[in-house]
Amino acid sequence: MNPNRKIEIKEKSTTIVVFGAVGDLSTQKLIPALFDLYEKDFLPHLFQVIGFSRGARSDADFREYARDAIITRGHKHDPANIERFVKNFHYHAGFFEDSGAYLSLGEELIAFDERLKTCSNKLFYLAVPPASYETILSNLADSGLTIPCSDTKGWTRVLIEKPFGEDIVAAQKLDKLLGLLFREEQIFRIDHYLAKETIQNILSFRFSNILFEPIWNRDYIEKISIRLFETGGVDRRGDFYDGIGAIRDVGQNHALQMLSAIAMENPRVLDPDRIRAGRADVLSSLVPITNNTIKNQVVRGQYKGYTKIRGVAKDSQTETYFNVQVFLRNKRWKGVPFYLEGGKKMGTKKAEISVYFKKTESCLCHPESEQHHQNVLTFRIQPDEGISVVFWAKRPGLGAELDPKMLTFLYKDDVMGSVDAYEKVLYDAIFGDQTLFTSTDEVLSAWKFITPVLKYINEVPLKIYEEGFEGAP
Ligand code: BG6
């Protein structure tokens, strides 16, 4: 942790306004992550969280709500610390479309600043369904709340969650609106996978070890698999999920971001713009899937019982599983297949990337050996975050057989453990580091690739799979 970064964060008073303050995202991720930062002393000395939502609630109600969100996780915390933390919570009732609610929010923000005799930083977090983005963003801009006090004091930033639109046209529209209302350095587009520990580690691992980077290309790598398997189903999100589907939900964003980290060129410096440009280059090099190629490159499925979920159409064709073979048209990766595979109700919960190296020409092993001597490097994002390498060694004894062995690093063995993705998202947004946030180029390139896939998806038969499916062999 950069100590200067912490000092800088601590000394500026900051207000975090959460739209959708009592929604799932806020309850399950944001409030607990803010508390974890507070407990580790990574929040500004002076901060407040304003929950903006339509229901009538008092500050006391909202504090109780926040307290529950922290306690429900079942972690051990000092109750007095939770009390000190929730004292910084305030509630602001208002409809997203009511311009008056933004004006009264502005008055609260001014009152806070007057009490502290300062101009505090302001972070506006849209933890709401995408349908509300336009209304909130326009009202925020119209009310003047996003105007900083000066070039150097009281910055204002907007955080928005994926999905950024549902196809290239909608994404361009949202992007245009954002561009009209805010400067790029004010916009923090969240793809929380980018903030997961092992994903961040991909670049460090690749570019600080000479072992792998020289062979990180089409001459030595046979294929790369990116898997995002969840054991849970769509559950209470039927309304949202049906019509969205797995490709839009996690393929267009999380899986493609995993691909961009694994495939990007060395940005040479730890600079947000260079890193984001590197990821965007990968996404713009994706070979388009067409109506002629889709049948060979895409598999889609739906878990048995999906159409019985509340909010899901009885004859729904929405995919809950996908496996998409993609290629990159650049020198490093030409001809190497990447498999993006994701699904709900799968047999095993896992998010991982496996790099399969080509086999050696001669294994110096027993000629009858049936062993498949291939090195496989795996970045395990969850669960059991870590990195492992399968290598081959001679079996002890008189023969010449080979056995696969494993070199493994597990985060849980490290005293530091790992940091939750939303903690990292909030910490970096407060500091103003956009490295782990997607740029407009990344979002548009990802949509440019995915939109034709969605357009021609009906060419691909929908396979119904049983709960517990283990994916492609
Ligand atoms: C979200 C998707 O972006 O990511 C969800 O909308 C999915 O459907 C979730 O369950 C997975 O995130 P995580 O961090 O739980 O792996």
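**Exercise 1. A residue in a loop**

In which loop is D235 found?

*Solution.* The model under study is predicted. Step one is to locate the residue: D235 belongs to the loop between β7 (221-229) and α9 (238-241). Step two is to examine the backbone: D235 is not a glycine, yet its phi is positive, at about 50 degrees. Step three is to classify the exposure. The relative accessible area of D235 is 52%, and exposed means over 50%, so D235 is exposed.

**Exercise 2. A second positive phi**

Determine where K117 lies, what its phi is, and whether K117 is buried or exposed.

*Solution.* First, K117 sits in the loop between α5 (99-116) and β4 (121-126). Second, the phi of K117 is near 55 degrees, which is a positive value in a residue other than glycine. Third, K117 has 74% relative accessibility and therefore counts as exposed.

**Exercise 3. The protein as a whole**

Describe the overall make-up of the protein, and explain why its radius of gyration agrees with that of a compact globule.

*Solution.* Begin with the secondary structure: the protein has 14 helices and 16 strands. Next, consider the extent: along the principal axes, the C-alpha atoms fill a box of roughly 80 × 50 × 40 Å. For 473 residues, a compact globule would have a radius of gyration near 23 Å; the protein has 24 Å, and therefore the two agree.

Then turn to the interior and the surface. Of the 473 residues, 53% count as buried. The protein exposes about 22600 Å², of which carbon and sulfur atoms supply 53%. Finally, take the contacts between residues at least 6 apart in sequence: 76% of these join residues at least 24 apart.

**Exercise 4. The surroundings of the ligand**

Which residues surround the ligand, and how is this shell divided by class?

*Solution.* Step one is the list of residues: K162, H192, Y193, K196, E230, R237, D249, H254, K344 and Q382 surround the ligand. Step two is the division by class: the shell has 1 nonpolar, 3 polar and 6 charged residues.

Step three is to inspect individual atom pairs, each formed by an oxygen atom of the ligand and an N or O atom of a side chain. For Y193 the distance is 2.5 Å, for H192 it is 2.7 Å, and for K344 it is 2.8 Å. Step four concerns the area: the ligand taken alone exposes 400 Å², and the protein buries 80% of that.

**Exercise 5. Cis peptide bonds**

Identify two cis peptide bonds and state where the proline of each one lies.

*Solution.* One cis bond joins K162 and P163, with omega about 5 degrees. P163 lies in the loop between β5 (156-161) and α7 (168-181). Another cis bond leads from Q382 to P383, and its omega is near -15 degrees. P383 lies in the loop between β12 (376-382) and β13 (386-394). To link this with the previous exercise, note that K162 and Q382 are among the residues surrounding the ligand.

**Exercise 6. Two buried residues**

For L34 and E352, state the element, the exposure and the contacts beyond four places in sequence.

*Solution.* Start with L34, which lies in helix α2 (residues 24-39). Its relative accessibility is 2% and buried means under 20%, so L34 counts as buried. Beyond its neighbours within four places in sequence, L34 is in contact with I16, L43, V49, F85 and L426. L34 and Y422 are 388 residues apart in sequence, while their C-alpha atoms are 8.4 Å apart in space.

Continue with E352, found in strand β11 (residues 350-357). E352 has a relative accessible area of 10% and is therefore buried. Not counting residues up to four places away in sequence, E352 touches S225, I226, R227, M258, T378, F379, R380 and I381.

**Exercise 7. The packing of a helix**

Which residues of helix α6 are buried, and against which elements do they pack?

*Solution.* First, name the buried residues of α6 (residues 133-142): Y133, I136, L137, N139, L140 and A141. Second, name their partners: the buried residues of α6 pack against β1 (14-19), α5, β4, β5 and α7. Third, look just after the helix, where G144 takes a positive phi of about 80 degrees.

Methods:
Residues are numbered from 1 along each chain as its sequence is written. This is a predicted model: local features need pLDDT of at least 70, side-chain atom pairs count only at pLDDT 80 or more; totals for chains, interfaces and linings use all residues. Side-chain values use heavy atoms; hydrogens and water are left out. A residue is near a molecule or strand if one of its heavy atoms lies within 4 Å of it. A polar contact is a pair of N or O atoms within 3.5 Å; within protein, one must be able to donate a hydrogen and the other to accept it, and residues adjacent in sequence count only if both atoms are side-chain atoms. Accessible areas come from the Shrake-Rupley method with a 1.4 Å probe; for residues, only the protein chains shown count as cover. Ala, Val, Leu, Ile, Met, Phe, Trp, Tyr, Cys and Pro count as nonpolar, Asp, Glu, Lys and Arg as charged, and the others, Gly among them, as polar. Helices (H or I, at least four residues) and strands (E, at least two) are DSSP runs, numbered from the N terminus. The radius of gyration is taken over C-alpha atoms; the globule rule is 2.2 Å times the number of residues to the power 0.38. Buried means under 20% relative accessible area, exposed over 50%, partly exposed in between (1.4 Å probe, protein chains only). Contact means heavy atoms within 4.5 Å.
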